[in-house]
Structure formats: structure tokens, C-alpha cells
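Let's take a walk through this model together, starting with its rings and then moving on to its charges. Keep the viewer open as you read.

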Amino acid sequence: MPERTLIGILSRTAYAVSADGTHMDTYLDNLLAQTSVRYGKPGGIAYHHISDTYIALFTHFIPCGVWEAVYIIEGLLKNTSEVQPTTVHADTQGQSQPVFALAHLLGFDLMPRIRNWKGMTFYRPSKQSEYVHIDALFGEPGKNSIDFDLIESQFRHLMRVAVSVREGAISSSTLLKRLRSGSKKNATYAAFREVGRVIRTVQLLRYLSDAPLRRRVTAATNKVEAFNGFSQWLGFGNRGVIADNDPVEQEKAMKFNALLTNAVIFHNALDIAEIVRQRLEEGWEITPEDLAHVSPYLTEHLNRFGEYSTHELGIQPDAYDPKLDVDFTPLRDQGPAAVGFGQAA
């Protein structure tokens with residue numbers, strides 16, 4: 001069995017990332033705080049981008065009540081790590097046409113978890129297009145067709161906008177907010193809408209016809225939800241309430257919490273790898289499928305209220321053993337969002 005190194009797997013390029021937000025408590029007299037309709041209490045949203053290696057790539061702190069989907073692409077563009085995903089998963093909010101359009105123009109494959117697909121509109125490539133078995137999905141014959149002539153006439157404008165977003169001249173969240181509330185009579189807005197209809201229809205058809213894809217999307221979105229719970233468990237100070245009134249300090253608090261969470265994930269990955277090596281030496285047979293059920297979001301062995309020896313911060317730790325004699329190739333061949341410790345260690 002070929003040998004694999006822990007550090008090589010941890011630092012490999014991820015192909016997928018999942019984006020989702022979780023409610024964070026704040027005091028009511030806070031500049032950013034709003035009362036959440038969903039949670040019924042004041043706070044903000046910690047919006048995380050979690051890679052398929054379990055770690056947080058980027059974190060925003062945003063108000064409650066905003067359209068979270070506008071921040072899906074923002075985190076991808078601001079991510080400066082070596083892990084540069086090309087596929088992004090999100091919850092149902094990520095199904096918006098403008099988000100699909102901008103993600104496609106920027107080279108990202110947006111595949112959200114689709115819950116209410118029965119209420120989605122499928123668009124035909126032309127009014128004359130008909131299908132033998134799935135024509136009912138597209139509504140009445142001759143309706144719900146794509147205006148490709150409009151897309152072609154506005155293509156330069158679309159690419160100019162995409163380049164402006166890529167280069168930071170305009171933020172993706174600002175653009176998507178404008179597209180969501182902009183006039184439908186505007187040609188560029190209409191072209192974004194048409195591109196979004198094309199991409200979303202294709203993704204809907206992929207989602208409905210590909211059962212393994214649906215499982216990967218579900219696994220990826222479950223992973224980010226697990227990260228939310230894990231990071232909040234680690235952010236136990238002040239009962240998890242964000243007390244600062246400065247938006248900059250609030251953002252720092254979220255990012256520091258994500259940094260701490262990533263460090264604990266790495267620590268757990270090392271501990272799991274060491275246990276795996278011990279079992280292999282004892283003659284146990286451990287397959288990548290066994291490790292696929294192990295997550296580094298473990299808390300039972302962590303003592304949050306123990307002693308903190310700050311004098312040890314300057315001590316150089318011993319080099320860890322990066323070698324793990326388990327071949328994870330079968331798991332990777334299953335797709336970018338295959339689950340389990342095989343992706344993290």
C-alpha cells in the first residue's frame with residue numbers, strides 16, 4: 001500500500017468549499033446587531049467558507065437579515081490561502097440567478113443544496129425546444145426560454161463587470177445586492193438574469209439526475225454546519241456573546257475564533273493520525289472507508305477550562321510524524337466532496 005504523508009494531504013489543493021452562516025449573540029445596543037427573525041434575538045451572522053479539508057478558509061461577520069448568498073463569492077475572492085477551491089456549495093439561499101451568473105463568470109462551479117426544487121423554473125434553450133421525458137419540468141411549451149441574443153449583445157459588459165469584481169474594483173456583495181434590487185429594464189441586469197437562468201437550469205438538471213452528486217452536496221453542507229457548532233463550542237468565553245461595539249473588532253473576534261478552530265482541527269488530525277499508526281503497528285487493518293467516518297471536530301478530549309501556560313508559546317514543538325500508511329486514493333476518486341478524515345489527514 002503506498003505511503004501517504006499527513007502534511008501532503010493537509011496542504012493539498014482543495015476542490016470544494018461550503019459556505020454557510022450561523023447566528024452569534026450580541027448585546028442589543030450594538031451597531032451591527034439586528035434582531036433575527038429566525039432566532040428571535042439580537043446578534044449577527046458568522047459566515048464561514050469551509051474547505052473539503054474541514055478548515056475555515058474565510059470568515060465574515062455580517063448583520064442578521066441580510067441576503068447571505070451575496071457573500072458566497074466574496075469569501076472565495078478574498079481567500080488568499082494556498083487552498084483555492086473551484087466548486088462552492090451553499091444552502092438553499094445560493095440558488096439565486098445573479099449568484100449563479102457571477103459564479104460562472106468568475107470560474108466557480110456553484111452547486112447549492114436544493115430543497116425546494118419543485119418550485120424552481122427550468123428554462124428552455126429556445127421556444128421550440130421540447131423533451132421526450134422531462135418536458136413537464138419546463139412548464140408550458142413555448143415559454144420559459146433563454147434570450148441568448150441578449151446575452152451575446154451584453155457579453156462584453158458582463159465580462160467587464162466580472163473582471164472588475166475579480167480585480168477588486170467593486171465587491172461581489174455590492175454587485176449582487178444591486179442586481180437583486182436593480183431595474184429589470186436595465187440590459188446588463190437582464191443579461192445577468194439570463195446567464196443565471198442558464199446555469200441554474202443546468203445545475204438543477206445535474207442535481208436531479210446525479211444521486212452521487214446529491215450525496216456529495218449534502219455531505220459538504222453538513223460539514224460546514226458541523227464546523228459552526230465546533231467553532232461555537234470553542235468560543236465559550238463570555239458565553240459566546242460578542243460584546244464589542246466596533247465592527248472591526250467584531251470581525252477580528254470571528255476571524256480569531258476561526259483561527260483557533262483551525263488550530264484545534266490540526267491538533268485533532270495529528271492525534272487521530274498517531275492513533276491510526278499505533279493500530280497499524282498492532283496489526284489492525286484500517287481502510288480509507290473506515291477513516292471516512294472519522295471527523296476532526298472532536299471535543300471529548302478537550303478541556304476548555306484547564307490551565308493555559310503562556311510561557312510555552314515560545315517553545316519550538318517537536319516535529320510531528322507526517323507519514324500515514326493508508327492509501328486515500330479511492331476516496332478522492334469519488335469526487336471533491338468525499339467525506340471523512342481521509343480528506344483532513
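## A buried ring pair

Phe227 and Tyr297 are both buried in this predicted model. Their rings form an aromatic pair with an edge-to-face arrangement: the centres are 6.1 Å apart, and the planes make an angle of 70 degrees. Since a plane angle over 60 degrees counts as edge-to-face, that label follows directly. Which parts of the chain does the pair tie together? Phe227 belongs to helix H8 (residues 211–234), while Tyr297 is in the loop between helix H10 (288–291) and strand S8 (323–324), so the pair joins parts that are 70 residues apart in sequence.

The structure holds six aromatic pairs. Ring pairs also link Phe227 and Tyr297 with Tyr54 and Phe230 into a cluster.

## Charges over rings

One member of that cluster, Tyr54, also has a charged group over its ring: the charged end of Lys223 sits there, 4.3 Å from the ring centre. Trp233 has a charge over its ring too, with the charged end of Arg304 lying 4.3 Å from the centre.

## Salt bridges across the chain

How many salt bridges does the model contain? The count comes to eleven. One of them is between the side chains of Arg113 and Glu225, with an N to O distance of 2.8 Å. Arg113 lies in the loop between strand S7 (109–110) and helix H4 (148–153), and Glu225 lies in helix H8, so this salt bridge ties together parts that are 112 residues apart in sequence. Are the two partners buried or exposed? Arg113 counts as buried, because its relative accessibility is 11%, whereas Glu225, at 35%, counts as partly exposed.

Ala219 offers another view of this region, as it also lies in helix H8. Its relative accessibility is 17%, so Ala219 counts as buried. The C-alpha atoms of Ala219 and Arg113 are 9.9 Å apart, although 106 residues separate the two along the chain.

## Salt bridges within helices

Lys78 and Glu74 form a salt bridge in which the closest N and O atoms are 3.3 Å apart. Both residues lie in helix H2 (residues 71–78), four residues apart, or about one turn of the helix. An α-helix has 3.6 residues a turn, so residues three or four places apart point the same way. The two ends of the bridge differ in their cover: Lys78 is partly exposed at 42% relative accessibility, while Glu74 is buried at 7%.

Glu251 and Lys255 form a salt bridge with 3.5 Å between the closest N and O atoms. These residues are four places apart in helix H9 (residues 247–281), so about one helical turn separates them. Lys255 has a relative accessibility of 32% and therefore counts as partly exposed. Elsewhere, Arg193, Glu194 and Arg197 are joined into one network by salt bridges that share partners.

## His60 and helix H2

His60 lies in strand S5 (residues 56–63). With a relative accessible area of 7%, His60 is buried. Which residues is His60 in contact with, leaving aside its neighbours within four places in sequence? The list is Ile45, Ala46, Tyr47, Tyr71, Glu74, Gly75, Lys78 and Glu251. Glu74 and Lys78, the salt-bridge partners in helix H2, are therefore both in contact with His60, and so is Glu251, the partner of Lys255.

Helix H2 itself is mostly covered, with six of its eight residues buried. The buried residues are Tyr71, Ile72, Ile73, Glu74, Gly75 and Leu76.

## The chain as a whole

Stepping back, the protein chain has eleven helices and eight strands. Of its 345 residues, 47% count as buried. The accessible surface comes to about 18,000 Å², and 54% of that belongs to carbon and sulfur atoms.

How do the contacts spread along the sequence? Among contacts between residues at least 6 apart in sequence, 69% join residues at least 24 apart. The bridge between Arg113 and Glu225 described above, linking parts 112 residues apart in sequence, is one long-range example to look up in the viewer.

Note on methods: Residues are numbered from 1 along each chain as its sequence is written. This is a predicted model: local features need pLDDT of at least 70, side-chain atom pairs count only at pLDDT 80 or more; totals for chains, interfaces and linings use all residues. Side-chain values use heavy atoms; hydrogens and water are left out. Rings of Phe, Tyr and Trp (its six-membered ring) pair if their centres lie within 6.5 Å; planes under 30 degrees apart count as stacked, over 60 as edge-to-face and the rest as tilted. Helices (H or I, at least four residues) and strands (E, at least two) are DSSP runs, numbered from the N terminus. Buried means under 20% relative accessible area, exposed over 50%, partly exposed in between (1.4 Å probe, protein chains only). A charge sits over a ring if NZ of Lys or CZ of Arg is within 6 Å of the ring centre and within 35 degrees of the ring normal. A salt bridge is a side-chain nitrogen of Lys or Arg within 4 Å of a carboxyl oxygen of Asp or Glu. Contact means heavy atoms within 4.5 Å. Accessible areas come from the Shrake-Rupley method with a 1.4 Å probe; for residues, only the protein chains shown count as cover.
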